[in-house]
Amino acid sequence: MAAATGARIAWPVVEIRHITSEDLDAVLDNRRRAFGPLSGGGAETWRKLVSPMLPEGRYLGAFDGPRLVGTARINPYVQWWHGRPLSMGGVAGVTVAPEDRGRGVGRALTHAAIERCAELGHAVSALYPATTPVYRSAGYEHAGVLQRITVPAEALRTLGGPGGAAGGVKLRRMGPADAAELVALIGRVHAAARASGPLCFDERTWRLWLEDDDDFCYLAEDGFVVYRWSDGDIEVDNLLAGSEATARALWSMVGSASTVAKSVKAFVDPADPMLWMLRERSKDEVSQTRWMFRLIDLPAAVEGRGFPAGVRVETPLEVTDSPRPGNAGAWLLRVDGGAGSVTRREAARGESADGDATRLTIGGMSALFGGVPTATLRRAGLLSGGSADADDALDAAFGCAAYMIDYF
């Protein structure tokens, strides 16, 4: 990871610089005013989470003279796109002091966070918006969902069958020492499933989460679960399984509390195989939270993304991106054999841009990358030009149902 340079970014309304340990009390005060109070234990966990990020320059502060007026944090994540991992900057902890709202502080922090993502080597970035306009103006666009489903605990208990909850699958309790094994497991399962959108914390963060005594954490050879009691029912933070047997073992173990817990709330892939294993399923009790996505480095993101192996595409694109002009201009997109690239059209063909290209804002390009259909993007004003054949080719290459199972 890149170290903090200490460079200061000047904005008309505030000065943006890296947060230091001396600023953490002020950061925590701003966080309380923005999101509500933390418990004593919650504040301690927050400090453990963010302190290692400070020397890496992952926490930005907006200052009016000596006074902290806003913050933004860039979490180090890996995010899978059609089964291939990309370095992703998860923008979180964005706060503006109540008395300083409306001054453009949030906009300044967002643009600074985008540039810092680039400096840290993140090809893409994602965030959960408290408000859409400020992030959309910086090039983020809605791309996927965080879905929570509520199911009867008894319905999960029976997934294990007559052989017991584990059904012959070996499960063991998981703790901080298992963080490296867990990270490797998550990568294997998402790659095999050709998943699009889910992320993984780094080992340091997983060690911190696995220290929580209120969470029950179990590991299998090709899966894991993290769950807890919540108001008399069960809440599943993470459950990932690479096989039917492991999925049945983990879900039925969660459901084994059905004599006490009547329901289980779980963050899941909208196409989680558990939903097809349930004996009875006529309607789903679902809530969704939207997340927004942005390409930080267009060529690196396309080169790092996975694509369907049977799809071949060669089509011109024109992208506009005022905050990051390196992404803007005329490109030639090529997809073949599960891999993709974009090259400058002049360099690729010795020609200048013309009217045959599909034209996208960076928000539109980011949404397309995240699987939003071209027909949607056209009707939303985020894509124009091109042709029906080009639209079909782009949908075949990028089409997916992007999701996360982690909130940050």
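**Group meeting: a helix residue, two sheets and a surface patch**

Let me start with Thr246, which has its place in helix α8, the helix that covers residues 244-255. I should say at once that what we have in front of us is a predicted model. Is Thr246 buried or exposed in this model? Its relative accessibility is 3%, and because anything under 20% is classed as buried, Thr246 counts as buried. If we leave aside the neighbours within four places in sequence, the residues in contact with Thr246 are Val169, Ala220, Asp222, Gly223 and Ala241.

From there I would like to go to strand β11, which is made up of residues 223-230 and contains Trp229. Trp229 has a relative accessibility of 39% and therefore counts as partly exposed. Together with Phe216 and Val260, Trp229 forms a nonpolar patch on the surface, and the accessible area of these three residues taken together is about 280 Å².

Next, the strands. Strands of a sheet pair through backbone hydrogen bonds, and the pairing can be either parallel or antiparallel. Strand β5, residues 84-96, takes part in pairings of both kinds: with β4, residues 67-81, the sense is antiparallel, over 11 bridges, while with β6, residues 124-127, the sense is parallel, over four bridges. To give one position for each, Arg73 has Ala92 in β5 as its bridge partner, and Gly89 stands opposite Ser125 in β6. β4 and β5 also form a hairpin, with two residues between them, and His82 in the turn has a positive phi of about 50°.

Now to an open sheet of five strands, in which the order is β17-β16-β15-β18-β19 and the pairing is mixed. Which strands lie at its edges? They are β17, residues 339-344, and β19, residues 383-385, each of which pairs on one side only. On average, neighbouring strands of this sheet are turned by 30° against each other, with direction ignored. Looking at the β17 edge, we find that β17 is joined to β16, residues 329-336, by six bridges and that the two run antiparallel; Val335 stands opposite Gly340 in β17.

Finally, two helices lie across strands of this sheet. Helix α12, residues 362-369, lies across β15 and β18, and its direction is at about 100° to β18. Helix α14, residues 388-398, lies across β15, β16, β18 and β19, and runs at about 95° to β15.

Definitions and conventions. Residues numbered from 1 in each chain as written. Predicted model: local features only at pLDDT ≥ 70, side-chain atom pairs only at ≥ 80, totals over all residues. Heavy atoms only, no water. Patch = residues over 30% accessible without salt bridge, like charges linked within 9 Å, V, L, I, M, F, W, Y side chains within 5 Å. Areas by Shrake-Rupley, 256 points an atom, 1.4 Å probe, with all protein chains shown as cover. Salt bridge = Lys/Arg side-chain N within 4 Å of Asp/Glu carboxyl O. Buried < 20%, exposed > 50% of the residue type's maximum accessible area, 1.4 Å probe, protein only. Pairing = 2+ DSSP bridges. Axes fitted to C-alpha atoms, helices over the stretch in contact; angles between N-to-C directions. Contact = heavy atoms within 4.5 Å.
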